[in-house]
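User: I've got a two-chain model open and I'd like to go through some of the labels on it. Can you tell me what stands behind each one?

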Amino acid sequence: MAGSAAVVVEKLSKHYAGPPAVDAVKGIDLEVARGEIFGLLGPNGAGKTTTVGMCTTRVVPTSGRVTVDGIDVQGDPPAARSRIGVVTQFNTLDRSCTVFENLKYHCRYFGMSHNQAKARASELLETFRLADRADADVMALSGGMAQRLQVARSIAHRPVVLFLDEPTSGLDPQSRIALWEVLGALHDEGTTVILTTHYMEEADQLCDRLAVIDHGELLVMGTPDQLKKQVGVATIVRLSLEGDREAAVAGLVPLAGVDRAEVVGDEVLVYLAEREGPLPAVVQAAMAFGLVDLALTEPTLEMVFIQLTGRALRD
Amino acid sequence: MTENPVTENPVTENPVTENPVIAVSYRAAFWGLMVRDTKVLSRSLTQFLLRTVIQPFLFVFVFLYVFPKIGAGIHGPGKASFGTVLLPGLVAVAIMFQGIQAVGLPLVNEFAQTREIEDRVMAPLPTSMVAFEKILFGAMQSALAAVLVFPMVLFFPNSNVHPHVNPVLLVAEIIVACLSAGALGLAIGTGWNPRQVPLIFSLIVIPITFLGCIYYPWASLHTVRWLQILILINPLVYVSEGLRGAITPNLQHMPWPVSLGVLILIGSGLGWLGMRGFRRRVLD
């Protein structure tokens, strides 16, 4: 029901007449619950930014509908904008204004009084550790600080849904982790967050649920664990053996709970259908082939993507 | 102005969200944009003054001081002083220039490179109102320019101007002229890209200035009839002639219903073009 979901996307399509004519988004359906961190995962050019653009009033859909907090985005863009915060891929800070003014005037646009706006701006500067830069020119900020300011600005009016388009691309690892913490805190406060990314780890660590998008189509949707289960295995055991690896594979495959096994480089990879059940038997069998070392790895979203599209995410 | 009430969801099972949405009216958002622009303008006031005053000052300096000194004084038609011709003309050009400088050129950059307009476009009011704010704020700067240039020309030594101001008509002309200038700026700002900026000067600024009835009343062009007809497409002609009617009516000028009426038509056309251009640049 539209009322309980934060964002509902129905049969959303975007066709660009071109040239070249492009179907950037081809009939996407999805629903994001309140309080969720939802990720749109896909390679560059998959249609993620266009989808976010349609959710945030900036791109006019060719067909379909987006509802944010019960508001039809196309029907009433200003009302939709009052409920969303947006961080785009680009630095869109107001260069004619200081750090503090960027926040203050944003609050004014969203109807706060002069005093409310000042108070909120000061509060955000503290929260985002930018207080000592209050009067700085926004062009003098580092990439990480500029990004923090953009996020601070996007939530200044306390939006119901926060959209972030590739929020960490171009950030150094430290700033990336800092941003993850901020998003985590917003999540704890109950803000719905929708982000696009082509970083697997980010999608995996941050998102409650994910939709994998490629060529404008939604391929699969679910929690990171659900998606990884799609690969068909729960755990991958990497074995370093002194003995005959081919023989080990032949010996391991028949074991209960083993999906398949293969030699990859110096190691034997054993794919387990369940997480822990088959492990003791595998270890015991491996001993016979001179087990030297053993490591467990989870299936990754990369594997999900490769399985779905036949190619790697960052091609 | 339309209010934009934040309505509760009629079919929600869980109506209380963790994030209270602030009820926003278009008026508050519009006011916020104006406050921001005022702050930015106040910070660059010196720049505003210089770009507004220098050109008309040099004009009166050369034509009303240097030329008479070197024995090349120019006169207006009949017994009118050249200062009398120039006063409404220079006020008109100050108004029109401001629209291009305060609205047009900054927008060209904001759309193309800096994207800083983004945050204002995402404010909770219709896109057309964000565009209209640009026109309105540009118009205010034009009006300020008019207020600065008018006394400068009037009291310039040797200007020899004898105005007979019709205050009501003057205010009406200035309001319409300033809004038209803002609309021209919006149309330029949304229709041109940064590489074309030099062309804006060659193709728009210079022709409309030289052929804008600043240095001569329109009626005196009757001896060059084709030119007199041709320049009727220039909005600055109606601003100059309208102000002439309101400030120095002793000089020949277009009847005010004509100058004002045509200017309203042209201004509306530019406004429509600018708003449409703004929408196109902002929406994908």
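Analyst: Sure, starting with one residue: B:Ser42 sits in helix H1 (residues 26-43) of chain B. Helices here are DSSP runs of H or I with at least four residues, strands are runs of E with at least two, and both are numbered from the N terminus. A quick note on the source: this is a predicted model, where local features need pLDDT of at least 70 and side-chain atom pairs count only at pLDDT 80 or more, while totals for chains, interfaces and linings use all residues. Residues are numbered from 1 along each chain as its sequence is written, and chains are lettered from A and ligands numbered from 1 in the order in which they are written.

User: Why is B:Ser42 called exposed?

Analyst: Because it has 9 other C-beta atoms within 10 Å. The rule says exposed for 12 or fewer within 10 Å, buried for 20 or more, and partly exposed in between, with C-beta atoms placed from the backbone. So B:Ser42 counts as exposed. Its C-alpha is 24 Å from that of B:Tyr26, with the two positions 16 residues apart in sequence numbering.

User: How do you know that the span of helix H6 (residues 167-191) of chain B agrees with what it should be?

Analyst: The expected span is 1.5 Å times one less than the number of residues. For the 25 residues of H6(B) that comes to 36 Å, and the end C-alpha atoms are 36 Å apart, so it agrees.

User: And what makes H6(B) largely enclosed?

Analyst: The burial count: 18 of its 25 residues are buried, so the rest of the structure largely encloses H6(B).

User: How does helix H5 (residues 143-155) of chain A do on the span check?

Analyst: Its 13 residues should span 18 Å, and the end C-alpha atoms are 19 Å apart, which agrees.

User: What makes H5(A) "mostly covered"?

Analyst: 10 of its 13 residues are buried, including A:Leu149, A:Val151 and A:Ile155. The cover includes strand S6 (84-87), helix H3 (99-109) and helix H4 (114-127) of chain A, and also helix H4 (118-121) of chain B. That cover is judged by contacts, meaning C-beta atoms, placed from the backbone, within 7 Å.

User: Why is the crossing of H9(B) and H10(B) called left-handed?

Analyst: By definition, a crossing is left-handed if the near helix is turned anticlockwise from the far one by less than a right angle, and right-handed if clockwise. H9(B) and H10(B) get the left-handed label. The contact includes B:Tyr238 and B:Val239 of H9(B), and B:Trp256 and B:Leu260 of H10(B). By class there are eight nonpolar, three polar and one charged residues. Nonpolar means Ala, Val, Leu, Ile, Met, Phe, Trp, Tyr, Cys and Pro; charged means Asp, Glu, Lys and Arg; the others, Gly among them, are polar.

User: What makes up the pattern of chain B?

Analyst: Along the sequence it reads α-α-α-α-α-α-α-α-α-α, since the DSSP runs give 10 helices and zero strands. Of its 284 residues, 45% count as buried.

User: How many helices and strands does chain A have?

Analyst: Chain A comes to 11 helices and 14 strands, and buried residues make up 49% of its 315 residues. Its C-alpha trace spans about 75 × 45 × 40 Å along the principal axes.

Methods. Two residues are in contact if their C-beta atoms, placed from the backbone, lie within 7 Å.
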